[in-house]
Amino acid sequence: MTPPSLSPPPTGGARLLRAAMAPLAAIILAGAAQAQAADRPLGQGEVEIRRTAHGVPHIRALDREGLGFGAGYAYAQDNICLMADQIVTLSGERALTFGADGETTVSFRPIPNVEADVFFRTIFDMDALRQAFAEVDPRYADMVRGYVAGYNRYLSDTGRAALPAPCRDADWVRPITLDDLLRLNDEKMVQASAGAWLSSIVAAKPPGGAAQTALLAPEPAQYAGLGSNGWAFGKEATAQGRGLVLANPHFPWATTNRFYQVHLTLPGELDVMGVTMAGLPGVSIGFNKDVAWTHTVSTDRHFSLFQLDLKPGDPMTYLVDGASHPIEAVEVAVPVKGEAEPRRRTVYRTAYGPVVAAPSSGFAWDTAHAYALRDANRGNLRASEVWLRFGVASSVEDIHQALVESVGMPWVNTIAADRHGRALYADITATPNLSDAHMQTCAAEAPAAANWRAARLFVLDGARGACDWPVSAETPVAGLMPGSAMPALFRDDFVANSNDSYWLTNPAAPLTGFPRVIGEEGVPQNLRTRSGLLEIAAWREGSDGQAGRLFDRKGVETILYRNRVLAADLVLDDLLAACGQTPRQTLETGVVDLTQACAVLARWDRRADADSVGTHLFLEFWTTAHKIPDLYAIPFDPKQPVTTPHGLSPSPEVRAAALRALAEAVRLTQSRGLALDSPWGQVQVRPVGAERLAVHGADGDIGVLNAQRSVWSDEAKAYLPVHGSSYVQVVEFEADGPKAETVLSYGQSAHPDSPHYGDQTRLYAAEAWWPLPFTEAEIAADPALTVTRLTR
């Protein structure tokens, strides 16, 4: 479908694929020549990359292929090693390139190289992807082709010998193809569905052979450490009387899920700035002169399992309405570095999708049943088209229309505001069209399936054709839920989401009545959700002697970097009282005296700032304590969902368990050689060269909005961030246009020898922000400005 808000595709001029054979003309200008270069009109076939502070590229071209060309070229300049490594992964060549013993990251989890190769050699339907690409908006297709050519031009011009250290002279760095970008897009789309089930797909085996691996069903994305905060304020809540958006995605600090800042300008048609990821030539979180938007991980289930009734005596045949259907065995040969013969594995497919096995969760392939996964995001090229439409939107109504018409968002909510002062929340994603009634009628009867319904892992009866996903005429893909039937809320005050369901987007206007496949209502909210809503209310209504205030950029930044630990506010006073009564705890490893620990926590500011003393001790305590049954004194009340539950239960059993959790935290902390009163910024760090940069924020599970999930490193003797606050952006619409302040916590480049590896980490460590140059005047005035002109 061609978006009605876009102008017709450009015509005339040489096409990129023909022009790509022409010799490169690159002009890099500095000093006094900058202003003149910026003023000179672009010629036919020229692409301009202007870089401002922190290496952010502002790309201009006269057509969409040129824009994609500049995006691919700029990304390769900063991250070619990262992307080339991912191309190896998606080609199923990791074991051949790096050996069988290594690991890679897929769907935010470490996966052995051979497993990854088996998955990626079988998961992509390249014929379907190529056909889908042939039907996308031609302007998006032009940008993708341009991206391929731009990336390849950089590699050709630079040569392997001059690449950054991580991939210098590496024979696995090669020119990319359109197929590579199609695979890269598809991998991003299925991260919360088939990708999360990778191990279960690879491990599935029919009964009678080798024993099935004892796998558990994977956690949903929002419980696997992935998440975000997204707030949008309307005219009733802002000092400017216009829109204001906080983008605070919590994404990995490594892999091609790292964000990359970019500004794309097609004169008279497109002017959008924000971030993207490897291989995606648009802007996925960002703003233009009229709207700003962000995303948070949604609670929707973007897949379902189907329980297959197997034909008696034949575990390779399943029955649907009494008719027999074969389970297809797909043989895979995985070449391995240093091994003469490839390793051979088999993956199994059905009409619903791949067979999965998670025996430890009750999903075993036995003589009676097998389980198959149907994925709503397989072959989803619509997401990038949606972001293309976002880039030219003039209102949140345009944003909503793009979501409804495409149903292309893969697994994220959308939060947006516009210069008119309207705010929007929309959980409109590629979600199975499963009503509660349909799921009840079609629920599989196996005990495991019934057990998992409580966790919203939906298992349908695959033996009945009527139990497949119902088809709606309103969706571009059969079996998806219509966008018009999914949650959306327009407000003039605010909307907010921190990875809970749509229900409490705004407590004054709860959203209710939607199917459980989308999310749950009337249930306890995570601590980041509660913390955010409490902070928003306190700012608007007044607290701590402050009168009620309207929001502006500085106010939102202050709230986010306050680093308040809500879990401590809920239980610490009661814990300290219990600690004073029984300070000595006996563990299997010996007696632990809690006197010093309780003194440290009593003095702690209950924040996760760099100079906070006690954060690491409470973090380790809460890792165990939050799992204690009946932990809270005041239980959850759906009529008071923001303030309940709270208080540590007075139960002797709960208090004893909490003190044991604290004792374990003390033992663990001391075993790592850390003082109980170490400042947080000394123990959560980001090494950049010889520096150890303090990283503020902490795990979102303890109720810190500015979430950082870190892992302990014995080598570094520190907690090292793996994902959390990544791209942080606050956009405020003023009378003369958008004003954006931002920080990219890990910097533009993943190459340690780049000046933009960690330069913004220093800003983040200092709790600093910097203004994005968006207008021509702002770009021209940037002291760091350099201009590169490329002729295609």
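**Figure 1. The surroundings of Q729 in strand β32 of this predicted model.** Let us start with a residue in strand β32, which spans residues 727-734. Leaving aside its neighbours within four places in sequence, Q729 is in contact with V245, L246, A247, G274, G286, F287, E741, T742, W769 and L772. Is Q729 buried or exposed? With a relative accessibility of 0%, Q729 counts as buried.

**Figure 2. The largest cavity of the protein.** A look through the whole structure turns up eight cavities of 30 Å³ or more. The largest cavity, shown here, has a volume of about 210 Å³. Its lining is made up of 18 residues, and those closest to the centre are F251, M277, W387, W411 and V412. Helix α8 (178-189), strand β7 (244-252) and strand β11 (291-297) are worth picking out here, as each supplies at least two residues of the lining. Sorted by class, the lining has eleven nonpolar, six polar and one charged residues.

**Figure 3. The second largest cavity, with helix α10 in its lining.** This cavity has a volume of about 160 Å³. Around it are 16 lining residues, of which G282, V283, S384, W387 and L388 lie nearest the centre. Two or more lining residues come from each of α7, β9 (270-276) and α10 (382-391). Which element gives the most to this lining? That is α10, with four residues. The class count here is eleven nonpolar, five polar and no charged residues. Readers coming from the previous figure will recognise W387, which is listed among the residues closest to the centre of the largest cavity and also among those nearest the centre of the second largest one.

**Figure 4. The disulfide between C81 and C167.** How many disulfides does a search of the whole structure find? The search finds three, and with bonded cysteines counted along the chain they follow the pattern 1-2, 3-4, 5-6. The one in this view joins C81 to C167, with an S to S distance of 2.0 Å. The torsion about its S-S bond is about -70°, so this disulfide is left-handed. C81 sits in helix α3 (residues 64-90), while C167 belongs to the loop between α7 (138-158) and α8 (178-189), so the bond ties together parts that are 86 residues apart in sequence. C81 counts as buried because its relative accessibility is 6%, and C167 counts as buried because its value is 1%.

**Figure 5. A disulfide between two loops, C442 to C467.** The sulfur atoms of C442 and C467 are 2.2 Å apart in this disulfide. Here the S-S torsion is -80°, and the link is left-handed. C442 is found in the loop between α12 (436-441) and α13 (447-453), and C467 in the loop between β21 (459-461) and β22 (488-491), so the pair ties together parts that are 25 residues apart in sequence. Are these cysteines buried or exposed? Both C442 and C467 are buried.

**Figure 6. A disulfide between two helices, C579 to C598.** In this view C579 is joined to C598, with 1.7 Å from S to S. Is this disulfide left-handed or right-handed? It is right-handed, because the torsion about the S-S bond of C579 and C598 is about 95°. The two cysteines link distant parts of the chain, 19 residues apart: C579 lies in helix α16 (residues 566-581) and C598 in helix α17 (residues 595-603). C579 is buried, with a relative accessible area of 2%. C598 also counts as buried, at 10% relative accessibility.

**Figure 7. Confidence along the predicted chain.** A friendly word on how far to trust each view. The protein averages a pLDDT of 93, and 92% of the residues score at least 70. Among the elements, which has the lowest mean pLDDT and which the highest? Helix α1 (residues 16-19) has the lowest, at 30, and strand β20 (residues 423-426) the highest, at 99. Over residues 1-27 the pLDDT is below 50, and beyond near neighbours in sequence this stretch has 56 contacts in the model. Residues 29-33 also have a pLDDT below 50, and that stretch makes four contacts beyond near neighbours in sequence.

Technical notes. Residues are numbered from 1 along each chain as its sequence is written. This is a predicted model: local features need pLDDT of at least 70, side-chain atom pairs count only at pLDDT 80 or more; totals for chains, interfaces and linings use all residues. Side-chain values use heavy atoms; hydrogens and water are left out. A disulfide is a pair of cysteine sulfur atoms within 2.5 Å. Buried means under 20% relative accessible area, exposed over 50%, partly exposed in between (1.4 Å probe, protein chains only). pLDDT is the predictor's confidence in each residue, from 0 to 100. Contact means heavy atoms within 4.5 Å. On a 1 Å grid over the protein atoms alone, a cavity is a set of points where a 1.4 Å probe fits but cannot get out, and a pocket is an open set with protein on both sides within 12 Å along at least five of seven lines; lining residues have an atom within 4 Å of a point. Grid points are joined across faces, edges and corners, and a volume is the space filled by probe spheres set on the points. Ala, Val, Leu, Ile, Met, Phe, Trp, Tyr, Cys and Pro count as nonpolar, Asp, Glu, Lys and Arg as charged, and the others, Gly among them, as polar.
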